[in-house]
Amino acid sequence: MAGNPPLQVLSALDKAKTQCYHFTAIFIAGMGFFTDAYDLFCISTVSKLLGRLYYYDPATGKPGVLPPNVNSAVNGVALCGTLAGQLFFGWLGDKLGRKKAYGVTLMC
């Protein structure tokens, strides 16, 4: 008996006609993924730019490179910030509701 209700829900979803709501939900989920993962996708580019900007050696004329310990620190801080944000805004979503918390995350 416990297995029937989820199967009924899934079959109802399979039979439902595509509506504007479905596209809105897909768009919102995609934007949530984009805003959440954008910093993790671009951190490697930012690391390279930081190396070129702050570790340039005019004697060689070659673009600079971040030292490995600084590169690791930049990547580690990005990952720790992502973890802290997920924990905080997840908690905030539980307290305020998911809609309000999603609006707050868009403003931050």
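Here are a few worked exercises on this chain, which is a predicted model.

**Exercise 1. Work out the fold pattern of the protein chain, and decide whether the chain is spread out or a compact globule.**

Step 1: Start with the secondary structure. The protein chain has 4 helices and 0 strands.

Step 2: Put the elements in order. Going along the sequence, you get α-α-α-α.

Step 3: Bring in the radius of gyration. The value for the protein chain is 22 Å, while the globule rule gives 13 Å for 108 residues; 22 Å is well over that, so the chain is more spread out than a compact globule.

Step 4: Look at the box. Along the principal axes, the C-alpha atoms take up roughly 75 × 30 × 30 Å.

**Exercise 2. Find out what share of the residues is buried, and what the exposed area is made of.**

Step 1: Take the buried share. Of the 108 residues, 10% count as buried, where buried means under 20% relative accessible area.

Step 2: Turn to the outside. About 8,900 Å² of the protein chain is exposed, and carbon and sulfur atoms supply 70% of that.

Step 3: Check the contacts. Among those with a separation of 6 or more, 38% are between residues 24 or more positions apart.

**Exercise 3. Compare Ser-47 with Val-46: which is buried and which is partly exposed?**

Step 1: Locate the pair. Val-46 sits in helix H2, and Ser-47 is in helix H2 too.

Step 2: Read off the areas. Val-46 has a relative accessible area of 34%, while Ser-47 has 6%.

Step 3: Apply the cut-offs. Buried means under 20% and exposed means over 50%, with partly exposed in between. Ser-47 is therefore buried, and Val-46 is partly exposed.

Step 4: See what Ser-47 touches. Setting aside neighbours within four places in sequence, Ser-47 is in contact with Leu-66, Asn-71, Val-74 and Asn-75.

Step 5: Add a distance for Val-46. Val-46 and Val-104 are 58 residues apart in sequence, and their C-alpha atoms are 26 Å apart in space.

**Exercise 4. Name the residues of the nonpolar surface patch that includes Met-31, and say how exposed Met-31 is.**

Step 1: Place Met-31. This residue belongs to helix H2, which covers residues 20–54.

Step 2: Judge its exposure. Met-31 has a relative accessible area of 33%, so it counts as partly exposed.

Step 3: List the patch. Met-31 joins Phe-27, Ile-28, Phe-34 and Tyr-38 in a nonpolar surface patch of about 520 Å².

Technical notes: Residues numbered from 1 in each chain as written. Predicted model: local features only at pLDDT ≥ 70, side-chain atom pairs only at ≥ 80, totals over all residues. Heavy atoms only, no water. Patch = residues over 30% accessible without salt bridge, like charges linked within 9 Å, V, L, I, M, F, W, Y side chains within 5 Å. Areas by Shrake-Rupley, 256 points an atom, 1.4 Å probe, with all protein chains shown as cover. Salt bridge = Lys/Arg side-chain N within 4 Å of Asp/Glu carboxyl O. Helix = DSSP H or I, 4+ residues; strand = E, 2+ residues; numbered from the N terminus. Buried < 20%, exposed > 50% of the residue type's maximum accessible area, 1.4 Å probe, protein only. Rg over C-alpha atoms; globule rule 2.2 N^0.38 Å. Contact = heavy atoms within 4.5 Å.
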